Amino acid sequence: MDEAERIEEQAGGMEIEVGRGPDEEGDERTELPGELPVLPLKNTVLFPYLLSPLLVNTPASQRLVDEVLLRPDRLMVCTAVKRDVAGPPGPDDVYSVGTVLRIVKMLKFPDDSYRLLVQGVARVHLGRFTTTDPFLRAEIERREDVGEEDESVEMTALVRSVAQQFSTLVSESPRLSDELQVLVANLADPSKLADLVASNLDLDVAGKQQILEADHVGIRLRLVLDQLSKETEALQIESEIKQKVQTEMGRTQREYMLRQQLEAIRRELGESEDDEEEVERLRAAVEAAGMPEEALTQAHRELERFAQTPSAAAEHAVIRNYLEWMTALPWSLRSEDRLDVKAAREVLDADHFGLDKIKDRIVEYIAVLSLKRDLKGPILCFVGPPGTGKTSLGQSVARALGREFVRISLGGVRDEAEIRGHRRTYVGALPGRFIQGLRKAGTRNPVVLLDEIDKVGADGRGDPSSALLEVLDPEQNSEFSDHYLEVPFDLSQVLFIATANVMDTVPPALRDRMEVIELPGYTLEEKVEIARGYLIPRQVERNGIGSVGFELTDAALRRVIESYTREAGVRNLEREIGAICRKVARRVAEAAEEAGAEKVQAVIDEAGVAELLGPIKAEPDLAEDDLVPGVAVGLAWTPTGGDILFIEATRMPGQGELKLTGSLGDVMRESVEAARSWLRNHGESLGLDPAVFEREDIHVHVPQGAVPKDGPSAGVGMVTALASVLTGRTAAARVAMTGEITLRGKVLPVGGIKEKVLAAKRAGIERVVLPERNRRDVEEIEPGLLQGLDLAFVGTIEEALGHTLAAAAAK
């Protein structure tokens, strides 16, 4: 076979003048003949100007070398073979671009092979092949470098990057000689730099041939730079993997040695627990756990594996942890329920003021449980603003039933494994939060509070809300499957109570499994009672001022509620009361140092609140008696309860445009559009000139523009404000309204009626206009809360305007 094989890696050097014959010039521009012998190379590509060793061991190749040595210039062409061939490579089997080589030295060995040291001279193109026997001979044409004289910033940066990255590669790679760094540092020719680096890269024949065929020096440098980046990155990854493997092996060996030493020390001290004793201990725990048949079978299977696993094996600790979890769970343990309905109601009343609907539901559950002992626990969901007592109510339910209480916070949970547990194949695997909670409770029927269920997230690790479907389904949770346990666990006796601020973010399927009970918030009167009965005594005790006769007058308490808090619950109210108590405690401490503690003012009135808490923090919107045309009072629901909303409209000469401001959402903007369209079609009944919509612009604004506002309930308020500004009739004072409108003039029901009505009462509103279909919501409000309010129910826009504009026209 006609071949020449490279026998070593790059010998290291670019010595242009090495191997000159007596008739040769030392200039790099060697004169090339028009035709030269062609030596095909397998699995290698040689580059100009570089010294390379070659092994020649076929008769055809040796004959070629013998003829070349007879030439004065000792030149030949080498080119790479494209593919494997059965016989000697032909013209179609080699690449058309190769390198002219000069034989610098030749040695003959006893096995009749030739060892050559050759130096690249020039990059050439192989033209017509003149002969193929006994070896290839072809016409050649020198390929000149393009862009070699380029001194641009880009070329300089390419040369510098190639040199730096190659030096880095040489320093980190064990296969490259350190002498290459010196060569690269002293090489200024970009073309030679590219060829030197390319010859030392770990590239296949096709990759090196691509670089050889690139005439433009800049392109050649970019190709080299790309491959350098890949090799450097691969070398770094290889180094990291090797280091990690060595570290892990070192840690494993170290742990093994330490365990052996620890075992020896324990044997010397007589503290070693025989493996058989540990197996028997776990076996006894399994038998005493009261597991169902399927769980017991699984535990016995794992126990047998544990007995056969060496203590030094990693699996030994995994199986032991699993068995300890299995034996620690309350498979059959349950607490005795306190089924006294009257006592349960007393506990609930002692802990919380009001909330009669929720208390009645808990008492009903206890009553049914007293008649049917195997009743499955309901899934209740308390929905309401922050600070309304949802979490503490769950604790009171547990105390009323005499059960253990477990709180599971779901806010921000994004991993399904938090619910179902991790599979034991993972390092550090644990059961899910529900199984962990039951182990902590020690009984199979605790009260489990799922806090912030509306804030469960989802990402690539799964959807926890979907996993909760099995937990919160009474028909399925009797065989809840945790990935860690791999056996069913009965959750049907657990009383689940979920809490949420809003239900909008809860998936419909999950919402369907829960019995939703709303906590809309507290009125001013309810907050006063809660503060008197719960908050003030608790803060007085916490701050140690029970002996100084601390008292907060009714006027002062109302001042704190109205001017220093703005919430539906009482969380911030308790903070403000705590702040007052701390300041009083400071006065007592300072007076005690001066022996005058009896002189401390412990009765705080309205003026004392301003002195202790400073300027007011929340100034509520109040009803106004001097409304101007174009202003209407709407009602809004917020996460902190209800609030009144002033809607302002004005008109100006223009072209019939409508401008909306105040951070209005899409739904509220559509309400304004619907109100304007209805007035254009029915304006004649109000005495409006239809042309007014063509020649005047209308601007609608809702104050507090920094607060985003949206929702359909402002429709009645929008149409009232537009009708008022267009007719010049002032809207009735102390009248607030809510309701969604349609283009047919109908008023549709909306939500949050209780919060809105209570907000209207707090603001001094005397009449509230509500949709007719919201009458049923008003019936659920305690009659005492509606005293002083006139509720008007309407079904059409005409009726609504009759209650708002008619009163104004009567003035």
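1. In which loop is the place of D84? In this predicted model, D84 sits in the loop that runs between strand β4 (75–80) and strand β5 (97–108). D84 is exposed, since its relative accessible area is 73%, and its C-alpha atom is separated by 56 Å from that of R414, a residue 330 positions away along the chain.

2. Helix α4 (residues 190–199) offers a case of burial, because ten of its ten residues are buried and the helix is therefore largely enclosed by the rest of the structure. The buried residues of α4 include the charged side chains K192 and D195, along with L193, L196 and V197. At the N-terminal end of α4, D189 acts as a cap, with a side-chain oxygen lying 2.9 Å from the backbone nitrogen of S191.

3. Two surface patches deserve a look. The nonpolar one is formed by I237, I241, V245 and M249, which together have about 350 Å² of accessible area. One of these residues, I241, belongs to helix α6 (residues 217–269) and is partly exposed, with a relative accessible area of 49%. As background to the spacing of such residues, an α-helix has 3.6 residues a turn, so residues three or four places apart point the same way. The other patch carries negative charge and gathers D666, E670, E673 and D710 on the surface; of these, E670 is found in helix α21 (residues 666–682) and is exposed, its relative accessible area being 55%.

4. The structure holds 47 salt bridges, and one of them joins R137 to E35, with the closest N and O atoms 3.7 Å apart. Because R137 lies in strand β7 (residues 136–142) and E35 in strand β2 (residues 35–41), this pair ties together parts that are 102 residues apart in sequence. R137 is buried, with a relative accessible area of 15%, whereas E35 is partly exposed, at 30%.

5. A further salt bridge is formed by E418 and R433, whose closest N and O atoms are 2.9 Å apart. The two residues are 15 positions apart, E418 in helix α13 (residues 417–420) and R433 in helix α14 (residues 433–441). Both partners count as partly exposed, E418 at 30% relative accessibility and R433 at 27%.

6. R424 forms a salt bridge with E486, the closest N and O atoms being 3.1 Å apart. Since R424 lies in the loop between α13 and α14, and E486 in the loop between β11 (480–481) and β12, the pair ties together parts that are 62 residues apart in sequence. R424 is buried, with a relative accessible area of 17%, while E486 counts as partly exposed at 43%. These two residues also belong to a network of salt bridges that links E302, R305, E315, R424 and E486.

7. Two buried polar residues close the list. S492 lies in the loop between β12 (488–489) and β13 (495–500) and counts as buried at 6% relative accessibility, and its side chain is joined to that of D490 by a polar contact of 2.6 Å. S492 and L686 are 63 Å apart in space, C-alpha to C-alpha, and 194 residues apart in sequence. E574, in helix α19 (residues 571–593), likewise counts as buried, at 16% relative accessibility, and its side chain makes a polar contact of 3.1 Å with the side chain of Q539.

Conventions
Residues numbered from 1 in each chain as written. Predicted model: local features only at pLDDT ≥ 70, side-chain atom pairs only at ≥ 80, totals over all residues. Heavy atoms only, no water. Helix = DSSP H or I, 4+ residues; strand = E, 2+ residues; numbered from the N terminus. Buried < 20%, exposed > 50% of the residue type's maximum accessible area, 1.4 Å probe, protein only. Polar contact = N/O pair within 3.5 Å; in protein donor to acceptor, adjacent residues only side chain to side chain. Patch = residues over 30% accessible without salt bridge, like charges linked within 9 Å, V, L, I, M, F, W, Y side chains within 5 Å. Areas by Shrake-Rupley, 256 points an atom, 1.4 Å probe, with all protein chains shown as cover. Salt bridge = Lys/Arg side-chain N within 4 Å of Asp/Glu carboxyl O. Lys, Arg positive; Asp, Glu negative; His and termini not counted. Charge placed at Lys NZ, Arg CZ, Asp CG, Glu CD.
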